[in-house]
Amino acid sequence: KGPKGNMNAHKGMGLVSEVFKEEILENLHGNLGIGHVRYSTTGAATLSNAQPLVLNYIKGTLALAHNGNLVNTQDLRCELEKTGAIFHTTTDSEVIAYCIARERVNTHNVEEAILHTAKKIRGAYGLVIASPRKLIGVRDPLGLKPLCLGRRDTSYIIASESCALSAIGAEFIRDIRPGEIITITADGITSNCQLCQETHAHCIFEYIYFARLDSTLDGINIYDARIRAGAALAAAYPEDADLVTGVPDSGIPAAKGYSEASGIPFALAFYKNSYVGRTFIKPTQKERELSVRLKLNVLEPVVTQGRNIVKNWWGKAWCSNLERYADYESRLDRGKRYVRTGAVLDLKIQKGKVLARVQGTRKTPYKIEIRISPLSEEKCQNIIEKCGRKLENIEELLVGNFPIEMQELFQGKDG
């Protein structure tokens, strides 16, 4: 309470249920709070990098949680270090927090400091910022990362996905606009749209992989988007197959859409172990592959009946699982580049890494054929538009010309 207020913080490594025990929650009192579940796109997976970040500075206390990835982190970090800043983490989130704190010294309020900071940072970001008396949400001007506003009784909630609102019985109000800064206080909600612009660049990976099936992003339901994408893929690449399958969880709706559009029956070929968490967030490739083997088991009766199977997701780890039950071929046109630059604004992918390689075959009675086909500009655009997004110039995306400059990421810098 009081003009500067007090903040209590608790964070740890592991699952939410492991970190926030009942006795911990009982000691976290207050009428305002922010939380974060981190996938380390920038910086090591260490406790010091866990969020929210809490800063105590001359104007009081500031807490920040960040979803996304900046592309000019190194430049901003060097600029701050030259003026005496000492960093305690390796994340781009701390750079954002320091910039806000610096700007706040010379501004009338924290919203003005955030606005000045948002003009400096570049990349994909959704921010939730707390001062003792204000809750503030910020979405990047291109709308690369999602952010929405909800309400439960007299309380307001800012979340990265609408499914988070449903989980606590809150009502979805609206998506926060790209470039919008929204401030919630005891007096109500105010909005600043100075950074809003007509040009948007929503991340298609949110619709095909990141977001949960029960979420709706910018008016587009994720489940419906994946169904439509699968149907578009069937139209673009028809196959003579016995069944269609997908890898749980994100691949299932797309496989169902492919099945419905093609008339080829859908079947589950993999069983997902519900007690293994998300595998793509593991810090190393070796750990990711091991987790996939623990997480996904092949349903033998489905794959050992001499069937040709259409799959909508591929990877070395589950190919190894299929090897145990059936012979397979992987046909890859090596003259094509299927991923030109990687989803650098969302995933921790190093440029030039091999995302798949042709595997050998084993002599077994059954055969599974894996086909990896290049998407033409027209077919790729059609699939994206079926998800509900409009892409103005897909050729720019295919050759790696992104809506913001990202040279820093491709020069091996930590950003």
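Two strands count as a pair once DSSP finds at least two bridges between them. That's handy to know here, as this predicted model has a hairpin in which β5 and β6 are linked by two residues. There's also an open sheet of six strands, along with helix pairs such as α3 with α4 and α8 with α9. Mean pLDDT for the protein is 76, with 66% of the residues at 70 or more.

**The six-strand sheet**

- Going across the open sheet, the strands come in the order β1-β2-β3-β4-β8-β9, and the pairing is antiparallel.
- At the edges sit β1 (53-57) and β9 (188-192), each of which pairs on one side only.
- Ignoring direction, neighbouring strands in this sheet are turned by 20° against each other on average.
- β1 and β2 run antiparallel and are joined by five bridges, and a hairpin of two residues takes the chain from β1 to β2.
- If you want a spot to look at in that pair, try Leu-53, whose bridge partner in β2 is Leu-64.
- On to the next pair: β2 (residues 60-70) and β3 (residues 123-131) are antiparallel too, with eight bridges.
- Ala-63 faces Ala-130 of β3 there.
- Helix α5 (residues 110-120) lies across β2, β3, β4 (134-139), β8 (181-185) and β9, and runs at about 20° to β4.

**β5 and its partners**

- β5 (residues 148-152) pairs with β6 (residues 155-159) in the antiparallel sense, over five bridges.
- The turn of this hairpin contains Asp-153, which has a positive phi of about 55°.
- β5 also pairs with β7 (residues 171-175), again antiparallel, over four bridges.
- Leu-149 is a nice residue to follow: Ile-158 stands opposite it in β6, while Arg-174 stands opposite it in β7.

**Helices α3 and α4**

- The axes of α3 (residues 73-81) and α4 (residues 92-104) come within 10 Å and cross at roughly 50°, which means α3 is oblique to α4.
- This crossing is left-handed.
- From α3, the contact uses Thr-73, Leu-76, Arg-77 and Leu-80, and from α4 it uses Asp-92, Val-95, Tyr-98, Cys-99 and Arg-102.
- Sorted by class, that gives five nonpolar, one polar and three charged residues.

**Helices α8 and α9**

- Here the axes of α8 (residues 222-236) and α9 (residues 251-262) come within 6 Å, crossing at roughly 45°, so α8 and α9 are oblique to each other.
- The crossing of α8 and α9 is right-handed.
- On the α8 side, the contact is made by Tyr-223, Arg-226, Ile-227, Gly-230, Ala-231, Leu-233 and Ala-234.
- On the α9 side, it's made by Pro-253, Ala-254, Lys-256, Gly-257, Tyr-258, Glu-260, Ala-261 and Ser-262.
- Those residues split into nine nonpolar, three polar and three charged.

**Where confidence drops**

- Over residues 312-318, pLDDT stays under 50, and the model has 22 contacts for this stretch beyond four places in sequence.
- Residues 392-399 are also below 50 in pLDDT, with twelve contacts in the model beyond near neighbours in sequence.

Technical notes
Residues numbered from 1 in each chain as written. Predicted model: local features only at pLDDT ≥ 70, side-chain atom pairs only at ≥ 80, totals over all residues. Heavy atoms only, no water. Axes fitted to C-alpha atoms, helices over the stretch in contact; angles between N-to-C directions. Parallel < 35°, antiparallel > 145°, perpendicular 65-115°, else oblique. Left-handed = near helix turned anticlockwise from the far one by under 90°. Contact = heavy atoms within 4.5 Å. Nonpolar A, V, L, I, M, F, W, Y, C, P; charged D, E, K, R; others polar. pLDDT = per-residue confidence, 0-100.
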